[in-house]
Amino acid sequence: MKLHILGARMSYDEANGYVAHVQFEVEGHKQPYEATLQSDRGSEWSHSLFFLGESGSEEEIDSVEAELDTNDELFFSLIDAAEQAWNESEAQNR
């Protein structure tokens with residue numbers, strides 16, 4: 001499964017830990033997606049997957065969800081995008 005990152009952002013607070021939102025497209029799918037990632041300490045991540053904008057095919061989002069659950073490389077590419085956005089944001093705030 002090939003995906004293209006459209007954008008990412010991440011924030012941190014003591015109550016929620018790290019919360020990231022990564023928008024991406026999947027090759028061959030009609031609608032883009034947004035993954036919300038959460039980690040208390042930045043090491044173990046949980047996620048939720050949504051359509052970005054309007055709803056799309058249930059089969060397509062289910063296939064992306066299954067791939068994220070089984071394909072570590074794909075899942076970590078979302079985390080990498082979020083961490084890169086965090087690092088860029090931190091650099092701008094200095």
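Which residues of H2 are buried? In this predicted model, the buried residues of H2 are Leu74, Phe75, Leu78, Ile79, Ala81, Ala82 and Ala85. They cover an arc of only 150° around the axis, which puts them on the same side of H2. An α-helix has 3.6 residues a turn, so residues three or four places apart point the same way. On the other side of H2, Asp72 and Glu73 are exposed.

Helix H2 comprises 21 residues, 72-92. The distance from its first C-alpha to its last is 30 Å, close to the 30 Å expected at 1.5 Å a residue. The N-terminal end of H2 is capped by Asn71, with a side-chain oxygen 3.1 Å from the backbone nitrogen of Glu73. Glu73 is also one of the exposed residues on the side of H2 opposite the buried ones. The packing partners of the buried residues of H2 are the strands E1 (3-13), E2 (17-26), E3 (33-39) and E4 (46-51), together with helix H1 (58-70).

Helix H1 has 13 residues, which should span 18 Å at 1.5 Å a residue; its end C-alpha atoms are 18 Å apart, in agreement with that value. Glu60, Ile61, Val64 and Leu68 are the buried residues of H1. Seen down the axis of H1, these residues fall within an arc of 95°, so they line one face of the helix. The face turned away from this buried side carries the exposed residues Glu59, Asp69 and Thr70. The buried residues of H1 pack against E2, E3 and E4, and also against H2.

The geometry of the helix pair was examined next. Two packed helices are described by the angle between their axes and the distance between the axes. The axes of H1 and H2 come within 5 Å and cross at roughly 95°. The two helices H1 and H2 are therefore roughly perpendicular to each other. On the H1 side, the contact is made by Glu67, Leu68 and Thr70; on the H2 side, Asp72, Leu74, Phe75 and Leu78 take part. Among these contact residues, Leu68 is buried in H1, and Leu74, Phe75 and Leu78 are buried in H2, whereas Thr70 and Asp72 are exposed.

Outside the helices, Gln31 is placed in the loop between E2 and E3. Gln31 counts as buried because its relative accessibility is 19%, the cut-off being under 20%. Not counting residues up to four places away in sequence, Gln31 touches Phe51, Glu54, Ser55, Gly56 and Glu60. Of these, Phe51 belongs to E4 (46-51), and Glu60 is one of the buried residues of H1.

How values were computed. Residues numbered from 1 in each chain as written. Predicted model: local features only at pLDDT ≥ 70, side-chain atom pairs only at ≥ 80, totals over all residues. Heavy atoms only, no water. Helix = DSSP H or I, 4+ residues; strand = E, 2+ residues; numbered from the N terminus. Expected span 1.5 Å × (residues − 1). Buried < 20%, exposed > 50% of the residue type's maximum accessible area, 1.4 Å probe, protein only. Arc of directions from axis to C-beta. Contact = heavy atoms within 4.5 Å. Polar contact = N/O pair within 3.5 Å; in protein donor to acceptor, adjacent residues only side chain to side chain. Axes fitted to C-alpha atoms, helices over the stretch in contact; angles between N-to-C directions. Parallel < 35°, antiparallel > 145°, perpendicular 65-115°, else oblique.
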